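This report describes how one protein chain is arranged and which of its parts meet. Please keep the sequence and the 3D view at hand while reading.

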Amino acid sequence: MLDLERAYTAREPLDTLVMAHRARASENLDRVFEMMMIKEDEGKLLAYPFSLYSLIRTAVEAAATAVWLLKSSKKADRVLRALQLAYRNSQEAMRFAELIKGKAGAGPARQGAAKTIDRLNQLKDTVGPLRQVELGPPPKYTAILTAVSPKSRDSSRAGYEISSPLVVWKVSSAFLHGSEQVVRALSDVRQMGRFTDGVASFEITPSIQMLAVSLGTCVDLIAQLDERYTYLATHDYAGRSVSS
């Protein structure tokens with residue numbers, strides 16, 4: 001299936017987009033593990049309270065987008081999602097050129113973006129169910145993360161699992177933006193000295209449990225992605241296994 005769907009997404013092939021997002025997720029995860037150090041003499045794990053979550057946010061965002069690209073059982077959905085990402089990429093390139101060169105100097109970039117979008121629409125129209133669909137950017141990241149996030153298994157509450165990609169992304173965003181109340185609630189905070197004139201020094205260290213949940217979510221997403229990718233790369237539209 002993936003081999004055939006390259007033709008429908010030839011401007012930015014579906015499998016190439018998936019692998020690019022997987023690489024981004026994996027690289028950021030690698031950096032997280034590099035930044036966590038075990039102090040063997042003290043039997044402690046050293047981890048930073050803020051920078052790790054910026055890497056985790058990027059990893060979960062990238063991995064979730066890759067899973068979303070392949071999640072649907074319908075060819076038309078997968079093709080449309082790939083074309084939507086390619087559409088957004090062309091628009092971002094044009095806006096970047098306008099930012100650097102100003103609108104007056106970004107004419108070539110706008111022409112290039114228009115040419116790309118024309119090509120994407122041509123590809124879209126090769127898939128029957130998409131001919132009446134207007135091509136545009138993909139959903140916002142919140143919607144993509146929601147689409148790949150499981151609801152809580154606890155019947156007493158209607159929210160999402162703490163380990164869901166959506167919750168991990170929200171937690172990481174709170175650390176990235178310095179949301180004090182969330183940071184304090186999800187970190188280990190220890191008062192270092194006495195209050196003097198209403199002020200005291202505190203030490204904030206990341207919750208190892210929350211870090212473990214977040215990293216586990218990223219790893220699980222990549223595992224889901226690899227399994228789905230392998231299936232689509234080795235089966236036809238009738239679900240039959242095919243030789244490579």
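## A residue in helix 9

Ser214 is found in helix 9. The model is a predicted one. With a relative accessible area of 0%, Ser214 is buried. Leaving out residues up to four places away in sequence, Ser214 touches Tyr53, Ile56 and Val168.

Two of these partners return below. Tyr53 belongs to the aromatic pair, and Ile56 is named among the residues of the largest nonpolar core.

## The protein as a whole

The protein has 9 helices and 4 strands. Along the sequence their order is α-α-β-β-α-α-α-α-α-α-β-β-α. Taken along the principal axes, the C-alpha atoms fill a box of roughly 70 × 55 × 40 Å.

The protein has 244 residues, of which 41% count as buried. If contacts between residues at least 6 apart in sequence are considered, 63% of them join residues at least 24 apart.

## Helices 3 and 7

Helix 3 has 21 residues, and its end C-alpha atoms are 30 Å apart, in agreement with the 30 Å expected at 1.5 Å a residue. Because 17 of these 21 residues are buried, helix 3 is largely enclosed by the rest of the structure.

Helix 7 has 12 residues and reaches 16 Å from its first C-alpha to its last, close to the expected 16 Å. Here 10 of the 12 residues are buried, so helix 7 is also largely enclosed by the rest of the structure. The buried residues include Pro165, Trp169, Ser172 and Phe175. What do the buried residues of helix 7 pack against? Their partners are helix 3, helix 6 (141-147), helix 8 (180-185), strand 3 (187-191) and helix 9 (208-234). After helix 7 comes Gly178, which has a positive phi, near 75°.

## One aromatic pair

A pair of aromatic rings is described by the distance of the centres and the angle of the planes. The count for this protein is 1 aromatic pair. The ring centres of Tyr53 and Phe175 are 4.1 Å apart and the planes are at 20°, so this pair is stacked. Tyr53 lies in helix 3 (residues 51-71) and Phe175 in helix 7 (residues 165-176), so the pair ties together parts that are 122 residues apart in sequence.

Are the two residues buried or exposed? Tyr53 counts as buried at 0% relative accessibility, and Phe175 is buried with a relative accessible area of 3%.

## Charges over rings

Lysine side chains also meet aromatic rings in this model. The charged end of Lys75 sits over the ring of Tyr237, 5.6 Å from the ring centre. Lys151 lies over the face of Tyr160, at 5.2 Å from the ring centre.

## Nonpolar cores

In soluble globular proteins, nonpolar side chains tend to be buried together. The largest nonpolar core here has 44 residues, and Ile56 and Leu69 have the most contacts inside this core. At least two residues of this core come from each of helix 2 (14-35), helix 3, helix 4, helix 6, helix 7 and helix 9. Helix 3 gives the largest share, 14 residues.

Leu69 touches Leu14, Leu17, Val18, Arg78, Arg81, Ala82 and Leu85, with residues up to four places away in sequence not counted. Another core lies apart from the largest one and has 12 residues, among them Leu83, Ile117, Leu120 and Leu135.

## Two residues of helix 5

Leu120 lies in helix 5 (residues 107-124) and counts as buried at 0% relative accessibility. Beyond its neighbours within four places in sequence, Leu120 is in contact with Arg11, Leu83, Ala86, Tyr87 and Leu135. From Leu120 to Ala109 is 11 residues in sequence and 16 Å in space, C-alpha to C-alpha.

Thr116 is placed in helix 5 as well. At 11% relative accessibility, Thr116 counts as buried. Its contacts, apart from neighbours within four places in sequence, are with Arg11 and Ser90.

## The kink in helix 4

Where is the kink in helix 4 centred? The centre is Leu99, and the kink is about 90°. Helix 4 (residues 75-105) has 31 residues, but its end C-alpha atoms are only 40 Å apart, short of the 45 Å that a straight helix would reach at 1.5 Å a residue.

How values were computed: Residues numbered from 1 in each chain as written. Predicted model: local features only at pLDDT ≥ 70, side-chain atom pairs only at ≥ 80, totals over all residues. Heavy atoms only, no water. Expected span 1.5 Å × (residues − 1). Bend = angle between axes of the 7 residues up to and from the residue. Phe/Tyr/Trp six-rings, centres within 6.5 Å; stacked < 30°, edge-to-face > 60°. Buried < 20%, exposed > 50% of the residue type's maximum accessible area, 1.4 Å probe, protein only. Lys NZ or Arg CZ within 6 Å of the ring centre and 35° of its normal. Contact = heavy atoms within 4.5 Å. Core = buried A, V, L, I, M, F, W, Y, C linked by side-chain atoms within 4.5 Å.
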